[in-house]
Amino acid sequence: MAVQNIDIPALKQRMGRIGVWNDTLSREPAAFEREAAAEIENLGYGALWIGENPLSKEALAHSSILLQATERLMVATGIANIWVRDATAAENGANALTEASGGRFVLGLGVSHAPLVTVRGHDYGRPIEAMRSYLDAMDATEYEGPRAEPAPRILAALRPRMLKLSAERTAGAHTYFVTPLHTSRARRTLGPAAVLAVEQALVLETDPERARTLARKYMAFYLALPNYRHNLLELGWDEEAFENGGTDALVDAIVVWGGEETVAERVQAHLDAGADHVCVQPITEGKDNRRLLEDLRRLAPVLIER
């Protein structure tokens, strides 16, 4: 099987260099989400990435809400879990959203994590093979609806095998909970052409204790998942770095905190390391989406080229 027939340079241009990653807007009424998405678009962010978890809105339905509220903003799933819907549903849903939005939808796919998959009754033993089979089934799907262009696919990927599959079969990779060092390694694995879209968590807070406390609350969930731990071990961290919510050094490497310029420097570090697109994720106390929007307003002047 070959890589998707996608105009990757055009996709990169349309996504822009800076986007937003969010998994908390799903908790809000659709009316609030529509207003938030429209503001994110008006601030100049190129894409809005949305997470999916067992408690959230379903990823494709959620994307439809956001696409209908915007005119230029790309909406990307970050990620849609392959164990939640079969390949035919994913392919047909993505085609419908892409056609209806004028090509503003990106289907980010991922294998999720063993604890979140086995609870659904699935076998997580061979995630690479599962993803490859899923992509094969998507390619074999017949779709009767109008389709002006293929729906771009991007894979959630951290380690070399999934990164290679991303470059071989899709438009590129979406990385999460990573450092600029990982971005550099991911770019070498992907090669120069594929999309590399990197998530960067941040806390707009200059007090070290307050910033790291909030960062550790965010990191606790991810440090409990083997995929993220194994990736950090490959980057040179040891098990001691994960204790008590993470050492200061690990916290600072994963979550950038400080003022707007400090955040901009970290984003630029990812771009310099080979990212095409960095989606920023403000971490707020109580997952306050009104504070989230305020943070995005503050960041826009230093992150987005006018």
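**Close-up 1. F177 sits in the loop between β7 (172-175) and α8 (180-190).** In this predicted model, F177 has a positive phi of about 65°, although the residue is not a glycine. F177 is buried, with a relative accessible area of 1%, and it counts as buried because that value falls under 20%.

**Close-up 2. N244 lies in the loop between α10 (226-234) and α11 (248-254).** N244 is a residue other than glycine with a positive phi, the value being near 55°. The relative accessible area of N244 is 74%, so this residue is classed as exposed, the cut-off being over 50%. Set side by side, the two loop residues have positive phi values, about 65° for F177 and near 55° for N244, while F177 is buried and N244 is exposed.

**Close-up 3. A cis peptide bond joins G78 and I79.** The omega angle of this bond is about 10°. I79 belongs to the loop that runs between β3 (74-77) and β4 (80-81).

**Close-up 4. R159 and its surroundings, in the loop between β6 (153-156) and α7 (160-169).** R159 is partly exposed, with a relative accessible area of 34%. Leaving aside residues up to four places away in sequence, R159 touches H230, N231 and E234. The view may also include R185, which is 26 residues from R159 along the chain, with a separation of 9.4 Å between the C-alpha atoms of the two residues.

**Close-up 5. Helix α9 (residues 208-223) has a kink of about 30°, centred on K217.** At the N-terminal end of α9, D207 acts as a cap, with one of its side-chain oxygens lying 3.2 Å from the backbone nitrogen of E209.

**Close-up 6. The buried residues of α9 and the elements they pack against.** The buried residues of this helix are A211, R212, L214, A215, Y218, M219, Y222 and L223. An α-helix has 3.6 residues a turn, so residues three or four places apart point the same way. The buried residues of α9 pack against the strands β8 (195-203), β9 (255-257) and β10 (277-282), and also against the helices α10 and α11. The helices α10 and α11 are also the elements on either side of the loop that holds N244, the exposed residue of Close-up 2.

Methods. Residues are numbered from 1 along each chain as its sequence is written. This is a predicted model: local features need pLDDT of at least 70, side-chain atom pairs count only at pLDDT 80 or more; totals for chains, interfaces and linings use all residues. Side-chain values use heavy atoms; hydrogens and water are left out. Helices (H or I, at least four residues) and strands (E, at least two) are DSSP runs, numbered from the N terminus. Buried means under 20% relative accessible area, exposed over 50%, partly exposed in between (1.4 Å probe, protein chains only). Contact means heavy atoms within 4.5 Å. The bend at a residue is the angle between axes fitted to the seven residues ending there and the seven starting there. A polar contact is a pair of N or O atoms within 3.5 Å; within protein, one must be able to donate a hydrogen and the other to accept it, and residues adjacent in sequence count only if both atoms are side-chain atoms.
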